[in-house]
Amino acid sequence: MSTTAEIDTAALAPRRRAWWQLLLADRAAALGLLILALIVLGAALAPLIAPHNPYASSRAVMLPPVWEARGTWTHILGTDGQGRDMLSRILYGTRTTLIIGVVAVLVGGIFGSLLGLLSAFYKRIDPYVMRLVDMMLSFPAILLGLALVAVFGPGVVPVIVALAIATIPDCARIARSIAVSVMEQEFIEAGRAVGLSDRALFTRYLMRNCVSSIMIFISLRFGQVILIGAALSFLGLGARPPAAELGMMAAQGRDFLLFAPHIAVIPSVAIFVIVLCANIVGDALRDVLDPRLRG
Amino acid sequence: MTRTPKHSVRLVLAASTALMLPALAAAQEVTIVREVDSNNYDPHRSTARAAAEVLFMLGDTLVSLEPDMQTLSDGLAHSWEVSDDGLIYTFHLKEGVTFCDGKPLTADDVVWSLSRWVDPETSSPVAWRAGDVVEIRAVDDLTVEYELSAPFSELLYQLTQSFGTIFDRDSAEALGEDFGINGFNGTGPFCWVDWAPRDRMVIERNPNYTWGPSFHDNQGPAHLERITWQIVPEESTRTVALITGQSQITQYVPAIAIEQLRATPTVEVVQSDEAFWTYFMGFKVDKDVVADPVVRQAMNLAVDQEAMAEDLFFGMVEPAFSYISQAALDWNPDLDDRLLRHDVDLANRMLDEAGWERGSDGVRARDGLELRPLAYVFAGSTWAKIAEAVQADLLQIGVGMEIQAFDATVAWSRLATQEFDMFGMSFPYISAGDALNLYFRSENTPTPNRMNWIDQMTDDLLQAGKTATDDGTRASSYGEVLEIVHDAAVWIPLYHEPMFIAHTTAMAPVVPHNIYGAGLYKGLDLRFND
């Protein structure tokens, strides 16, 4: 039986350096990674590099971007319906969007994987945990977001919670399926036989052998979470004004679609680019890291 | 079995007629797009414009108002008399009026409908509009007497509003709590078909209708067979719906699109300045964060109404510095020079002097109380824009207003609570008395007096104005109330909005009827070009 454990322990050490090289050799992935890195950098440095205050309105409303006839260099991406600088708002908005996505995916991913691993480790809780996960799977993230917002009021935190909860069941499923195959390995039995504690067995042998596969899944999930988060904000459930968030900015731009399309289009393109890059990089990571795919 | 050729011809004919019928019917149907729905269609339990729009079509009032918003005309009553002391109004009903279900209208239905309006059990937020009623009684089947304990110069005008709509007692009682939600049996030119809240309201022509107000060209049943009031929250979508002919008529066109619609060959835009509609943000004056009049005045000074009118509404609206239009009846011209206009420096100085100091995030605080008022507004493009503009203006003077928007179906009930510090609202009126009695009477807390403005002086003056028998007393009483509330800065006035109705050129020219901002009124004269 060819197993992940054998490959991992036997083959990972000499290939560890090739990991990055393999990823960067994939041109699409390298480009995606570069763009994603630039976006993250821009978002992280937003307060330093934003040319204007993203919350200050001005009399120059609906100014088009610089490449259009009436565009100016003062507002490179133009201004929105309230006369706020689009570039500055995009930088701040990306920040909010990324924070929502990263926090939700990490929280949901960690909880979900733990649940899945535990369920595979302790067989007697398995049916209960998996039925719970089945129940959670039947809740669409958007509906969950709506319900949470109805209770706690709109804001970034309810959206993060909703997205995290929505991430848990998928993660738990994947983690469990990986863990179940690891649990069948001889080294687990060997560990049991030499009298290792549950805790040592769980952290040292089970978790370590599952973590890379789970990480791949989480990275693939990131793009989806960003998209659902933006959708929730688009519906007015996420960030509250005057805060900027890409989905919310797209929603605000709807009213001007006929007259100043850039207000809706630019944040939408930003969401598109982030999600596309995240998916490409996630895919490439899987190709590079997943031992089963590497053959 | 084989068909003879004759049969086939008949079949083809039948099929083609069947195909043509919906096409013909479609020609007499219109879809009206609008931004928000009402919470219900009970004349006494909703103050929403969305309710009034439909109620004017579903029912009739005793008297009606002509499109000039001044001249009273007939309604269900063909004539009326007022006693010399102004306390007893006698209405003579038209003959042969029937409800949608065919039941004839009697004076009893009129008495029951109007009595329900003022019945404390109904707890109608608009009961004050009916005056101080002693009794409403039927003298005979076609005569109604309306007795007041104090004169009310505005009574006839108030009876033209949708709140005075007459409906069938039996069906209303049978519907109970569902009245105005699952049905409504009125005498109007259109009848209730189906309401899907937040989606659409469908009404159908009442074929027997011949008792419309005499100022209408059309004295018979409505030209249109069916009207669908469709909720479309996005401005752009409404505009496109009109341009592409999915909707034939609407007053809910965004200011930004008006120039474009005027230039569109298939769309006509008509305007009415005959009545007033004002947007404002109000303060709950007993909430700590806005209890200090200096704070409220400074916030008034911070808001740049001219920029708002110009930038958000492209000059299609008039910036407001007064709570009612300065052109409205009984406006107090002494206040003209004292209105709070945009002056950020003065606002900042006032707050500095009052001891409100800026924190590290630029928001002011005093004795640990941060200036972060919570504002409730309606969800939708209009208030989203207004609230954000006000928020940005207020940030300049260190006020961090927080916005919470609610869909119209829940907003009305949330706005009746004490949860918020500020609220956004807009309202129709024709005179100072109309506006002030609505918002500033103590008994109208918590809604529509959402400011919790409880002041004996105001109440006394409002009562004096309401029951005044001469113009001078009325004007001076209302004038004093205007002075009191402007001095206390209970609101931030934002802008006065004229009415625009846009319709496709397939429809005959429309005369806007601005009563309660309803625009299309009974829809009797609405028709397609031949």
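**Stop 1: the two domains of chain B**

Select chain B and colour residues 29-271 together with 499-517 as domain 1, then 276-496 as domain 2, following the domain assignment. Keep in mind throughout that this is a predicted model. The C-alpha centres of the two domains of chain B are 29 Å apart. Where they meet, 26 residues of domain 1 of chain B are in contact with 26 residues of domain 2 of chain B. On the domain 1 side, the largest share comes from helix 7 of chain B (residues 255-263), which gives three residues. By class, that side of domain 1 of chain B has 14 nonpolar, five polar and seven charged residues.

**Stop 2: strand 5 of chain B and its partners**

Next select strand 5 of chain B, residues 88-93. Which residues make up its covered face, and which the uncovered one? B:Tyr89, B:Phe91 and B:Leu93 are on the covered face, while B:Ile88, B:Thr90 and B:His92 are on the uncovered one. In a regular strand, side chains alternate between the two faces of the sheet.

Now add strand 4 of chain B (residues 77-82), which pairs with strand 5 of chain B in the antiparallel sense over five bridges. To find one of the bridges, show B:Val82 and its partner B:Tyr89. Strands 4 and 5 of chain B form a hairpin with five residues between the strands. In this hairpin, B:Gly86 has a positive phi near 75 degrees.

Strand 7 of chain B, residues 143-148, comes next. Its pairing with strand 5 of chain B is also antiparallel and has five bridges. Here B:His92 stands opposite B:Thr143.

**Stop 3: helix 3 of chain B**

Select residues 107-118 of chain B, which form helix 3. This helix has twelve residues and reaches 17 Å from its first C-alpha to its last, close to the 16 Å expected at 1.5 Å a residue. Which of its residues are buried? They are B:Ala107, B:Asp109, B:Val110, B:Val111, B:Trp112, B:Ser113, B:Leu114 and B:Trp117. To see what covers these residues, show strand 5, strand 6 (133-140), strand 7 and helix 5 (169-175) of chain B, which are among the covering elements.

**Stop 4: a three-stranded sheet in chain B**

Move on to strands 15, 16 and 17 of chain B, which form an open sheet in that order with antiparallel pairing. Why is one side of strand 15 and of strand 17 of chain B left without a neighbour in the sheet? Strand 15 (357-358) and strand 17 (369-370) of chain B stand at the edges, and each has a single partner strand, so one side of each has no neighbour there. Strand 16 of chain B (residues 364-366) pairs with strand 17 of chain B over two bridges. For one of the bridge pairs, show B:Arg366 and B:Leu369.

**Stop 5: a crossover in chain B**

Select strand 18 (residues 374-378) and strand 19 (residues 402-406) of chain B, a parallel pair with five bridges. The path from strand 18 to strand 19 of chain B passes through helix 11 of chain B (residues 381-395), and this β-α-β crossover is right-handed. Within the pair, B:Ala375 stands opposite B:Ile403.

**Stop 6: where the chains meet**

Leave helix 11 of chain B selected and show chain A. The contact takes 20 residues from chain B and 18 residues from chain A. Which element of chain B gives the most to the side that touches chain A? Helix 11 of chain B does, with seven residues. Helix 6 (235-243), helix 9 (305-312) and strand 19 of chain B each supply at least two residues of this side. Sorted by class, this side of chain B has nine nonpolar, five polar and six charged residues.

**Stop 7: chain A**

Finally, show chain A alone. There are 13 helices and zero strands in chain A. Its C-alpha atoms fill a box of roughly 75 × 45 × 30 Å along the principal axes. Of its 295 residues, 44% count as buried.

One of the residues to pick is A:Ile228 in helix 10 of chain A (residues 198-234). Is A:Ile228 buried or exposed? A:Ile228 is buried, with 24 other C-beta atoms within 10 Å. Apart from its neighbours within four places in sequence, A:Ile228 is in contact with A:Ala141, A:Ile142, A:Leu163 and A:Ala166. For a last distance, pick A:Ile110, which is 118 residues from A:Ile228 in sequence and 19 Å away in space, C-alpha to C-alpha.

Key
Residues are numbered from 1 along each chain as its sequence is written. Chains are lettered from A and ligands numbered from 1 in the order in which they are written. This is a predicted model: local features need pLDDT of at least 70, side-chain atom pairs count only at pLDDT 80 or more; totals for chains, interfaces and linings use all residues. Two strands pair if DSSP finds at least two bridges between them. Helices (H or I, at least four residues) and strands (E, at least two) are DSSP runs, numbered from the N terminus. A crossover is right-handed if, with the strands pointing away from the viewer, the path from the first strand over the helix to the second runs clockwise. Domain bounds come from an automatic or database domain assignment. Two residues are in contact if their C-beta atoms, placed from the backbone, lie within 7 Å. Ala, Val, Leu, Ile, Met, Phe, Trp, Tyr, Cys and Pro count as nonpolar, Asp, Glu, Lys and Arg as charged, and the others, Gly among them, as polar. The expected span of a helix is 1.5 Å times one less than its number of residues. A residue is buried if 20 or more other C-beta atoms lie within 10 Å of its own, exposed if 12 or fewer, and partly exposed in between; C-beta atoms are placed from the backbone.
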